[in-house]
Each structure stands twice: as structure tokens, then as C-alpha cells.
Amino acid sequence: MVAIDIGKYTHKVMMANVYQDVVVKPFELDASLSGFQLLVAKIEETCQKNGLDEVVVGIETTAHYYEDLVRLCHEKGYVVRVINSATTSIERESMLNWSKTDDLDLVAIVHSILQGRGNPPKSLRKELRTLKKLTRFRRELVSQRTRLTNQQFALMDTIFREFQGKTVWVDGKKQKKKPFSTMETKTVQYLMRHHPHPEDILTLGEEGLYELSRKENLKLRKTAVDCLLEFARESISQPKEELAAELYQLKVTLDLLDNLKEKISDLEKKIEELLLPTDGALLLSIPGIGKVLAAELRAEIGPIDDYTHAGQLIKLAGTNPIVKQSGGHKATYGGISKQGRRHFRSVVYLVGSKCSVLNPELRKHYLTLIDRGKKPRQAYIAIGNRVLRLAFAMLRDRQLYQSRDPEYSLKSILECKIGTQENRRQFCEAYVFPS
């Protein structure tokens, strides 16, 4: 048994036999081809010296640094077991030792192999692997976009505090008055970029704002113009000359945000191109699941042949409920285990939240769960697990979504979700009217 503790630049290795006797003490090798060649030479030397003829390599998952070594060991013909870091943590605790060192991790990996833990490496099809990388990258970009969006509004709170609205009293009752119903419009973005300060609004005046609206097609309504002018006159923001730093920050933030939105849009087009030729396009027939969400779900599921039932996918996502039962006592159900893949779990939750609103059949099930006392987040997970079971059956049998809703129309869904007529034709040839 070859236990390998993965590092970014340096791996640590220990070799033992099935009796847990250490045959090669822990040593280090670099994370490159020269390090792998040293590992192979050490394994061959040890096998000859000790009369061993079978090699099992146990590799602990560490970010993405373990992937290349797993591939090389698998190509070399070794039996490879990929061991989750949570497993080695449990093994260390069983040693009644609260310390954590690389050597203890190696011993924990050996124990895990002997107990049959760890999984053989799974190779994703090229298109699924690419789809997984790009959908996860998009999720990171969306998180960055959210941070930048929050940052721009935080800056506007300093530059023009009342721009996003303020409290007013009408007939003695407190209300929130806002010049714009939403802050994501072209009008709001233009004003933040070119006229962010109350002094800018007052300099333009009513006629200037209407002229600007006609020139830039901002579609400013009279209520918005009156509200902006009123708020600008009553604003308690600092004078413009004292906010030079904030104004510069706002400009840079808006530039970064525009660039990021463009990149996300390009990435989503690329994801759509990758999704449609795969069986993941089947998931588009489910109301409530769009192109990006279908791509995320298909990428996280991976090769469908690796699973025999949908419960394995639910456990992989970590959305399976925790059950506690002992003796004759009734079983109690707690939260979800959260012991699976974090990205997969996020996708399942998002699928549940979308389908709870946009899928008529699943919407009824969601309302039933709410009536039974479930909280919305709990219901989203339950709906997400339900869709996961549907997705498993659809991908396994290469079948479209079956709906009892009389208003369900596959044609309208395809026209909405699949862009070009040629893509729709190819989809129908592959799944709706297969030859």
C-alpha cells in the first residue's frame, strides 16, 4: 500500500504492507514528472525487495492537486483509491490523537485502504468535464458580480444617500419612497456613471433630465424625475469635491461590473453550445430549468452509468436527511447531511427553488410541504431531490420530461430555451423523433 499525502509543490509518501508494517518510511517527492518517476522507481524497488506483487495507491483529495497524480498512477496500472479528506480526519480521531501531521495523515490513509474505504478514480467524458469546469467558473464569476453590485450601491450610499430611496410619512404612516422600482435598469446605471451626485441632478434640472432621457433613451417618467429632484434638494450627502475618492471608486467598479457581465454572457453562450449536443439537453424539457441550470445539473451528475439508483446522487450532493432511530423509538429526521459535494448541493438547492415557482406540478408539491409545516428552504431541498430523481430516470432512459399538466407544451419550452431553429431540429431528431 502506497499512501500519498498531496501538497501543491511537494507530496509525502509512505509504503506499508497489509499487516500495516511500514516497509518504506515517509519521504518527500516533488509534484512533477521527476517526482512521479522517483515514486515509480521506489515502488518497483520495494516490491522486488519484499516480494510484493500488487500495489494499491491511496491518494487523499486536496483541492485539484491530486488529479494529475491519480491519472498517472491509473495509467501506470496501479490500483488507485481516492480517499476523501473527511475520511482521513475520522481515522485520525479513531487513533485517539488530536494532533495532525503529514505522517499521521499517511497512517490514516493506510487504515482507510485496509477498511475498504475510498473510491476508484472516475473519468468524466471530455464534454462533461469541460462543462463542469465552465459551469463552476461561471458560478465564481456570478459571485464576483454580486460583490461588485453590492459595492457600487454601498458607494452610492455615500455619494447620494437618497438615490436608492428614503423614508417618508404619509398620513402619519411610514413608507419607503424610491425614484426607481429596480436598480438594475439601464437608466440607473447611466445616472450612476455620469450623474451620481445630487449636485449633478440639480444642475441638470427638470428640463435637463427630460432632454437626457430623450437623447440616451432612458425613458425617465415624471414621477422618477420629480422624486430625483426632490431627493437631490433634500440630500445630506457631502459636497462633490470632498467625494473624489468615492467617485473614482464608483467609476472603476462600474467598469469592472460591465466587463464582468460581458464575460458572463459570453461564457453562458459557450456553456449552451456544450450542453445541447449532450444528453443534458433532455433536462431542458423540465419546466423551471433553463440552459445554464441544466448544464450545471448535468455536469455535477457526471456519468450516469456510475449510479444504480437516484439515492446515490442525493447522497453525493449531501442533501440526504439525517435519520436517527434506536430500539423501538420512532425515527426522527434532522437536517441534511452536507457530506457530499458543495457545488452539487448548491445546484440541487437552486433547482428546487426555481422549480418550486416555475414548475406547476412541483409548485403544488411545494405548497403541500409548506402546509405540512416545512420551511421554504427545507421545501426547496425536498423539491431539488425530487428533480434529481427525475433527472436520473430521464438520463438513464434517455426520456423527455413527462407532464400531466394540460398546459404543458414541449414545443413552447423548446422555442423558449433552445435558441436557433437548427438546434431545435437537432434536438427533436435526437430525442423527440429518434430514427
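Which element gives the most to the lining of the largest cavity? In this predicted model, the place to begin is the count of enclosed spaces, which comes to one cavity of 30 Å³ or more. The largest cavity has a volume of about 40 Å³, and its lining consists of Thr135, Arg136, Arg139, Glu296, Glu300, His343 and Val347. The elements that contribute two or more residues to this lining are helix H5, spanning 126–159, helix H10, spanning 291–301, and helix H12, spanning 342–358. It is H5 that gives the most, with three residues. Sorted by class, the lining of the largest cavity holds four charged residues, two polar residues and one nonpolar residue.

From this enclosed space the reader can turn to an open one, the second largest pocket, whose volume is about 830 Å³. Its lining is made up of 23 residues, and those closest to the centre of the pocket are Ile336, Arg377, Gln378, Ile381 and Ala382. At least two lining residues each are supplied by strand E9 (332–336), by H12, by helix H13 (360–371) and by helix H14 (376–397), and the largest share, seven residues, comes from H14. By class, the lining of the second largest pocket divides into eight nonpolar, seven polar and eight charged residues.

One element links the two descriptions: helix H12 gives two or more residues to the lining of the largest cavity, and H12 also supplies at least two residues of the lining of the second largest pocket.

Note on methods
Residues are numbered from 1 along each chain as its sequence is written. This is a predicted model: local features need pLDDT of at least 70, side-chain atom pairs count only at pLDDT 80 or more; totals for chains, interfaces and linings use all residues. Side-chain values use heavy atoms; hydrogens and water are left out. On a 1 Å grid over the protein atoms alone, a cavity is a set of points where a 1.4 Å probe fits but cannot get out, and a pocket is an open set with protein on both sides within 12 Å along at least five of seven lines; lining residues have an atom within 4 Å of a point. Grid points are joined across faces, edges and corners, and a volume is the space filled by probe spheres set on the points. Helices (H or I, at least four residues) and strands (E, at least two) are DSSP runs, numbered from the N terminus. Ala, Val, Leu, Ile, Met, Phe, Trp, Tyr, Cys and Pro count as nonpolar, Asp, Glu, Lys and Arg as charged, and the others, Gly among them, as polar.
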